[in-house]
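Before this entry goes further, I would like a colleague's eye on how its parts fit together. Please read the points below with the coordinates open.

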Amino acid sequence: MPQRFTFRARDLARTFTATAAVTALALTAGCGSRAGEETEAAKSCVDTSGDTIKVGALNSLSGTMSISETTVRDAIYLAVEEINAAGGVQGKQIEIVAEDGASEPTVFAEKAEKLIREDCVAAVFGGWTSASRKAMLPVFEDNDSLLYYPVQYEGLEASENIFYTGATTNQQIIPALDYLAETGVKSLYLVGSDYVFPRTANAIINAYAADKGIEILGEDYAQLGSVEFSTIVNQVSASGADAVFNTLNGDSNVAFFREYANVGLTAEEMPVMSVSIAEEEVGGIGVENIEGQLAAWNYYQTVESPENTTFVEAFKAEYGAERVTSDPMEAAYNSVYLWAATAEKAASFAVEDIQASADGVSFASPEGTVVIDGDNHHVTKTARIGEISADGLLYTVWESEGAIEPDPFLEGYDWAADLQVTE
């Protein structure tokens with residue numbers, strides 16, 4: 001049985017994850033040192049003597065998460081190609097060593113270890129689920145290497161060996177809840193995959209709801225990769241909730257929304273706010289099953305900016321006019337540019353130099369300018385609520401006034417002070 005523990009959000013380390021709670025999180029993922037053990041970081045084998053520099057791309061190209069992660073791999077390759085065409089990093093061409101995480105946290109940890117110790121990469125780009133990130137976290141800390149993680153997540157974490165280029169809670173989940181509250185939602189039903197991100201996100205949602213007077217009418221979880229949703233959807237339908245908050249991941253979303261449509265539930269009757277469905281997933285679900293539903297992200301293909309026009313055109317030219325862009329792949333694309341810019345600023349590929357130089361490094365990205373916060377290794381993000389259209393794309397119906405500073409430990413929210421999270 002997995003180890004479970006409870007912690008208060010404000011009791012976590014505010015800067016980096018050298019706490020027993022986070023060590024326990026790593027242990028529940030099945031990887032890393034035991035609590036209390038001293039682990040000497042392995043000496044780096046990164047070779048900077050030649051005219052190339054190696055980086056790792058670690059994404060699920062098989063298993064339940066491949067529907068989402070394959071496009072992230074494509075974005076990493078696009079960024080590398082563009083940077084190489086512009087002269088590389090510190091005059092060196094970037095060489096990618098690619099691995100398949102196979103939708104399994106233990107595989108992610110094993111492949112991360114290989115990339116660091118055998119392939120001698122300067123940084124790794126990838127991961128999607130929080131389970132995969134938690135499994136990799138002790139690997140990167142123990143080996144004093146760098147992971148650039150591109151996906152929105154539940155917050156309550158900050159490691160000096162991870163740069164988080166997707167949204168943290170105050171840049172996605174809280175704006176989504178604010179939007180629902182402002183549109184009159186008084187009750188919610190929570191549906192998620194059964195692992196760390198949905199359970200932690202829903203603990204945060206419950207705390208928010210209690211403070212705002214929103215009633216939680218149900219909370220159900222399905223195993224990651226589950227395709228049986230008749231029972232859950234019937235319970236959702238019977239609840240009469242004003243809206244559903246969806247933290248399902250991977251191809252479970254296909255089965256959920258098809259069953260949702262099958263029982264006659266619509267966006268008009270009971271809208272679903274999703275935080276892990278982007279343009280790439282809409283095609284797999286079938287737009288007829290999800291049209292009109294909502295999603296919370298920081299980027300959509302339809303964002304209007306010169307940078308995004310250039311990005312979308314380049315992606316389609318590389319991978320096909322029928323392909324779509326999405327938030328996680330854009331955050332992955334950004335992460336390569338942020339790493340390259342930090343290495344240039346540091347005039348070094350050494351981990352300690354990258355860490356010391358990261359604060360304030362920015363990139364004029366397709367979603368808008370993103371800036372690294374050197375204290376917590378997250379980036380500024382513009383929050384956007386999108387509605388899924390008949391053409392399969394998401395169009396912004398609300399966005400924040402500007403980029404939101406990252407607050408991964410929710411220090412700016414009084415209702416989160418006593419937040420209890422069980423893993």
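The numbered points below take up the sheet, the helices beside it and the nonpolar cores in turn.

1. The model under review is predicted, and the remarks that follow should be read with that in mind.

2. The sheet is open and consists of seven strands, arranged in the order β8-β7-β9-β10-β11-β14-β15 with mixed pairing. Its edges are formed by β8 (215-222) and β15 (394-399), each of which pairs on one side only. If direction is ignored, neighbouring strands of this sheet are turned by 25° against each other on average.

3. At one end of that order, β7 and β8 run parallel and are joined by seven bridges, and Ser187 has Glu215 in β8 as its bridge partner. Between these two strands the chain passes through helix α6 (residues 196-212), and the resulting β-α-β crossover is right-handed.

4. A second parallel pair is made by β10 (residues 272-274) and β11 (residues 294-297), which are joined by two bridges; here Met273 is partnered by Leu294 of β11. Helix α8 (residues 252-262) lies across β7 (187-193), β9 (243-247) and β10, and the helix runs at about 170° to β10.

5. Does the length of helix α12 come out as expected, or not as expected, for its 20 residues? With 1.5 Å allowed for each residue, and the span taken over one residue fewer than the helix contains, α12 (residues 327-346) should extend over 28 Å, and its end C-alpha atoms are indeed 28 Å apart, so the expected and the computed span agree. The helix is followed by Ala347, which has a positive phi near 55°.

6. How much of α12 is buried? The helix is mostly covered, with 17 of its 20 residues buried. This can be read together with the largest nonpolar core, which has 92 residues and in which Phe256, Tyr260 and Trp339 have the most contacts; the largest share of this core, nine residues, comes from α12.

7. Trp339 deserves a separate look. Leaving aside residues up to four places away in sequence, Trp339 touches Ile53, Val55, Val89, Ile94, Ala122, Ala123, Phe125, Tyr148 and Phe349. Apart from the largest core lies another one, of 33 residues, which includes Ile174, Phe245, Ala296 and Trp415.

Key:
Residues are numbered from 1 along each chain as its sequence is written. This is a predicted model: local features need pLDDT of at least 70, side-chain atom pairs count only at pLDDT 80 or more; totals for chains, interfaces and linings use all residues. Side-chain values use heavy atoms; hydrogens and water are left out. Helices (H or I, at least four residues) and strands (E, at least two) are DSSP runs, numbered from the N terminus. Buried means under 20% relative accessible area, exposed over 50%, partly exposed in between (1.4 Å probe, protein chains only). Two strands pair if DSSP finds at least two bridges between them. Axes are lines fitted to C-alpha atoms, for helices over the stretch in contact, and angles run from 0 to 180 degrees between N-to-C directions. Contact means heavy atoms within 4.5 Å. A crossover is right-handed if, with the strands pointing away from the viewer, the path from the first strand over the helix to the second runs clockwise. A nonpolar core is a set of buried Ala, Val, Leu, Ile, Met, Phe, Trp, Tyr and Cys residues joined through side-chain atoms within 4.5 Å.
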